[in-house]
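Student: Please take a close look at a single residue of this protein and describe its surroundings. I should also like to see how that residue fits into the chain as a whole.

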Amino acid sequence: MPEAVIVSAVRTAIGTARKGTLSETPAEELATHILREAVARAGVAAEKVDDVIFAEAMYGGGDLARYAAVAAGMTHVAGQAVNRHCAGSLTTVGNAAGSIRAGMDRIIVAGGVQSSSLSPRTSWRVPGTEDEWVDRMSPTFPYSEDATDDVTLTVGWNVAQHAGISREEMDAWAVRSHHRAAAAIAAGTFADEISPIKVTTKDGATVDFAVDEHPRATSSVEKLATLKPLHPEIEGFSITAGNASGVNDAAAALVIASDEAAREEGLVPLGTVRAWAAAGVQPRLTGMGAIDAARKVLERAGLTAADIDLWEINEAFASVPVAAVKLMGLDEDRVNIYGSGCSLGHPVAASGARMLTTITHELRRRGGGLGIATMCAGGGQGGAVLIEVV
């Protein structure tokens, strides 16, 4: 059975939605840019690519992978859109690795793209009426009193309660996330993984966007303590804008190839996709999806949490990685070492590929090791991918 090796991993810088640098850049432009860059960095001829699999979330139709393939001159590639909400681009990598290991494909570009700034809104007609329409997301799970369409309630608060996590713990984690991200940016740590993209801003200026703009180096627990809870009407509610992820724009992609194709095409393997998993949990405990998926991928690989050198656990809410550290006994110095959703931001469908890109580059700097990217996803889902760099 062929191995599925990573031969490039790249992302755009992450923009702050609606008011940031990428707020006027459509998702299709982000997708096309990152597809071209991923293929170029791999050093593979475009005609050798068998498929493009991109995650997208909250778009309500279309196929951004096919759009990017055609725009990049790869009309021979069909293009596949995947939606597993936040975990979508982790799923694309698993799907690509599975097809390659099965011998069906040799080279696939997998990733995700998110323009939260320009996402379309979906309107639904109220049942039993002729003309009353409301804005809402497409349903992923049946709503209940303790699992509503308000993700700040379902994901963050319920998991904090479930794992016994205080607001102080979440605020401290979020501040650490900002400080780590800001330090990484100042040190140029992300330079190798970011592809600058030329964009036109709202004021008409053309810029090369190459630096994540969401982290705040001046974040402090004192400042976060002053923020009001997002649901003050709920007694004890502790989720705030400070210990939750940002709303963001970005794209990320990895080129996955069989080891045989890599040898024949002269491609340099950066790492190997060893295992992947998806998990379902009760919708009210959506944040636990990251933990269940991580446990599942460890079991499939025959490993324990102590075997993993680096963890990326998406900070959709700070309560998610804090819960993972507590319940899985993780060394927090191996978790989100350069920040995550609270600081870098959470460009939903691109976040998983961003996480894997960061892990790949960091493990190579360290001379190798094992890394897991895991995250919860809307509606009570989770996804995880294990990679190895030697």
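Tutor: The answer below starts with one residue and then widens to the whole chain.

The model is a predicted one, in which local features need pLDDT of at least 70 and side-chain atom pairs count only at pLDDT 80 or more, whereas totals for chains, interfaces and linings use all residues. Residues are numbered from 1 along each chain as its sequence is written, and side-chain values use heavy atoms, with hydrogens and water left out.

The residue chosen is W173, which lies in helix 5, spanning residues 167–187. Helices here are DSSP runs of H or I with at least four residues, strands are runs of E with at least two, and both are numbered from the N terminus. Is W173 buried or exposed? W173 has a relative accessible area of 6% and is therefore buried; with a 1.4 Å probe and protein chains only, buried means under 20%, exposed over 50%, and partly exposed in between.

Which residues surround W173? Apart from neighbours within four places in sequence, W173 is in contact (heavy atoms within 4.5 Å) with E315, A318, P321, V322, V325, E332, V335 and N336. One of these partners, E332, is 159 residues away from W173 in sequence, yet their C-alpha atoms are 9.9 Å apart in space.

Contacts between distant positions also feature in the chain as a whole: among contacts with a separation of 6 or more, 78% join residues 24 or more positions apart. The protein chain contains ten helices and 14 strands, and 59% of its 390 residues are buried.

A nonpolar core is a set of buried Ala, Val, Leu, Ile, Met, Phe, Trp, Tyr and Cys residues joined through side-chain atoms within 4.5 Å. The largest such core has 81 residues, of which L35, V49, V52, F54, V109 and I256 touch the most other members. A second, separate core holds 47 residues, including L153, L224, I239 and F317.

For comparison, H361 lies in helix 10, residues 351–365. The relative accessible area of H361 is 14%, so H361 is buried, and its contacts beyond four places in sequence are A9, D192 and E193.

In overall dimensions, the radius of gyration of the protein chain is 20 Å, which agrees with the value near 21 Å for a compact globule of 390 residues. That radius is taken over C-alpha atoms, and the globule rule is 2.2 Å times the number of residues to the power 0.38.
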